[in-house]
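Me: I'm new to this one and would like a close look at a single part rather than a quick tour of everything. Could you pick a part, walk me through it slowly, and then show me how it fits with what is around it?

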Amino acid sequence: MSAVVESSRGEDLVLPRRMRGLQPTLIRQFFERALPDSINFGLGEPDLPTPEFLKVEAARITIEEQNGYTSHPGLPALRDKIGEQYPHLELPRTGVVVTCGSQEAMTDAFMCVVDAGDEVLLPDPSFPAYDACTRIAQGEPVYYRMPASEDFAFDIDDFKAKITSKTKLAVVISPSNPTGKILTEQNHRDIAEALDGTGIWLISDEIYSDLYFGKRPRSASEFYERTIIVSGLSKSLSMTGWRLGWAACKNPEMINAIQVLHGFTTVCTSTISQKAALLGWSEEAETAKQHARDVYRRRGEFLVDLFKTEMGLHATAPEGAFYTMLDVSSLGDDIEVAEKCLQNRVVTVPGIAFGQEAKGFLRISFCNTEERMAEGVRRMKEALL
Ligand SMILES: Cc1ncc(COP(=O)(O)O)c(C=O)c1O
């Protein structure tokens with residue numbers, strides 16, 4: 001892809017190598033073209049309201065308190081609360097850096113691990129930001145398959161086959177965006193065994209770890225020590241715009257590097273968000289998380305069933321997060337199918353946005369009421385069948 005773009009003044013702008021080929025994701029490209037009054041099965045953004053007690057607390061903090069910078073890695077009390085999420089790591093406070101959403105933690109972690117030419121193992125399909133972060137760090141993405149034919153379950157043989165002497169980092173996500181699948185304990189053990197002694201780092205994206213519909217997902221950090229956890233409160237407490245996330249890691253040099261980079265990129269996360277987030281593990285917060293789990297579980301079951309009964313299509317059974325993968329391979333190319341849906345006022349994301357393995361699928365997010373989802377399926381049926 002050409003990295004030379006014409007600037008508005010007619011000069012050639014040559015972007016640095018780390019920026020070349022970076023494009024907005026297909027997720028955004030479809031969303032931006034939505035017609036008025038579209039049903040949104042596209043974005044991974046909770047529609048449940050942010051819990052009232054958090055809003056009230058943030059308003060109080062804004063009005064009553066002076067909110068200057070915090071220390072770069074965040075409020076000590078908040079870092080302690082986050083550290084307590086991972087008792088198996090026995091993290092000191094310095095093992096946690098509070099970031100502007102888990103996205104910043106992820107980008108920081110990639111930049112602190114990956115050097116030019118290093119290979120990075122990414123799940124196929126997966127969240128497109130991993131590919132972008134790999135390229136920004138000038139690494140080479142290498143994909144391991146989560147085979148569609150196995151309902152996107154983890155495949156240890158393919159994972160192992162993709163490890164080379166150049167592999168520097170691997171990424172796992174559980175529950176998964178885009179598949180809603182959760183890694184089993186055996187998957188984690190297999191990954192740890194495959195990586196043991198290689199020196200390869202593991203980024204564990206745990207942003208959906210509080211949204212599960214069966215057993216609570218395990219953290220990769222329980223099984224493999226060179227793990228960097230990236231997580232946050234965006235999804236479980238409907239706080240996407242509050243930009244509250246974190247990186248946590250047992251290795252002091254690694255987390256220190258992340259802290260230094262974080263200081264230079266954002267200085268600190270919003271102080272108001274950090275102070276309010278101290279309530280993120282209170283009894284009220286745990287009730288809100290349980291409510292979100294119940295709502296998304298019910299909606300997932302409702303939607304998968306509707307696709308089957310109304311359209312005769314198979315969608316994966318979600319185990320967590322708020323996504324299902326709808327198999328539209330019998331109806332044609334996934335980009336064309338998504339385009340037809342878009343024209344009939346339903347936003348979906350073609351599977352190819354997440355990797356080759358998801359070709360022939362649409363990622364459907366169920367951040368909608370049952371009534372809106374039923375109307376969405378009705379419009380899809382009208383457009384496709
Ligand atoms: C898999 C995954 N990781 C990370 C993020 C980033 O979330 P945030 O930066 O709001 O914590 C998202 C958001 O959609 C996501 O789906």
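Reply: Let's start with a bit of arithmetic: the expected span of a helix is 1.5 Å times one less than its number of residues. Keep in mind that this is a predicted model. The part I'd pick is helix α10, residues 283-311. With its 29 residues, α10 reaches 41 Å from the first C-alpha to the last, close to the 42 Å expected.

Which residues of α10 are buried? They are A285, A288, A292, Y296, R299, G300, L303, V304, L306 and F307. To read a list like that, it helps to know that an α-helix has 3.6 residues a turn, so residues three or four places apart point the same way. Among the elements that cover the buried residues of α10 are β11, β14 and α12. Just past the end of α10 comes G312, which has a positive phi, near 65°.

Now for those neighbours, beginning with the strands. β11 and β14 belong to an open sheet of three strands, ordered β11-β14-β13 and paired antiparallel. On the edges are β11 (323-327) and β13 (349-350), each of which pairs on one side only. Between β11 and β14 (residues 361-365), which run antiparallel, there are five bridges. If you want to find one of them on screen, look for T324, whose bridge partner in β14 is I364.

The remaining neighbour on that list is helix α12. It has 15 residues (370-384), which should span 21 Å at 1.5 Å a residue, and its end C-alpha atoms are indeed 21 Å apart. In α12 the buried residues are M373, G376, V377 and M380. They cover an arc of only 95° around the axis, which puts them on the same side of the helix. What lies over them includes α10, together with β3 (39-40), α11 (334-343) and β12 (346-347). So how does A374, another residue of α12, count: buried, exposed or in between? A374 has 16 C-beta neighbours inside 10 Å, so it counts as partly exposed; the cut-off for buried is 20 or more.

Between α11 and β12, there's a loop worth a stop, with R345 in it. R345 isn't a glycine, yet its phi is positive, about 65°. As background, most residues other than glycine have a negative phi. R345 has 18 C-beta neighbours inside 10 Å, so it too counts as partly exposed.

Let's zoom out a step. The domain assignment splits the protein chain into domain 1 (17-50 + 284-384) and domain 2 (66-279). Their C-alpha centres lie 24 Å apart, and 37 residues of domain 1 are in contact with 37 residues of domain 2. On the side of domain 1 that touches domain 2, α10, β11 and β14 each supply at least two residues. The largest share of that side, eight residues, comes from α10.

For a look across at domain 2, try strand β4 (residues 96-99). Both of its faces are covered: V96 and V98 are buried on one side, V97 and T99 on the other. β4 pairs with β10 (residues 245-249) in the antiparallel sense, over four bridges, and V98 has W246 as its bridge partner. In the loop between β9 (227-232) and β10 you'll find R243, which has a positive phi of about 55° without being a glycine. R243 is buried, with 20 other C-beta atoms within 10 Å.

Helix α4 (residues 101-113) is also worth a glance: eleven of its 13 residues are buried, so it is largely enclosed by the rest of the structure. There are cis peptide bonds to find as well. One joins D124 and P125, with omega about 10°, and P125 sits in the loop between β5 (119-124) and α5 (129-136). Another joins S174 and P175, with omega about -10°.

Finally, the whole thing. The protein chain has twelve helices and 14 strands, and 48% of its 385 residues count as buried. A compact globule with 385 residues would have a radius of gyration near 21 Å, and this chain has 21 Å, which agrees.

Conventions: Residues numbered from 1 in each chain as written. Predicted model: local features only at pLDDT ≥ 70, side-chain atom pairs only at ≥ 80, totals over all residues. Buried ≥ 20, exposed ≤ 12 C-beta atoms within 10 Å, placed from the backbone. Arc of directions from axis to C-beta. Contact = placed C-beta atoms within 7 Å. Pairing = 2+ DSSP bridges. Rg over C-alpha atoms; globule rule 2.2 N^0.38 Å. Domains from an automatic or database assignment.
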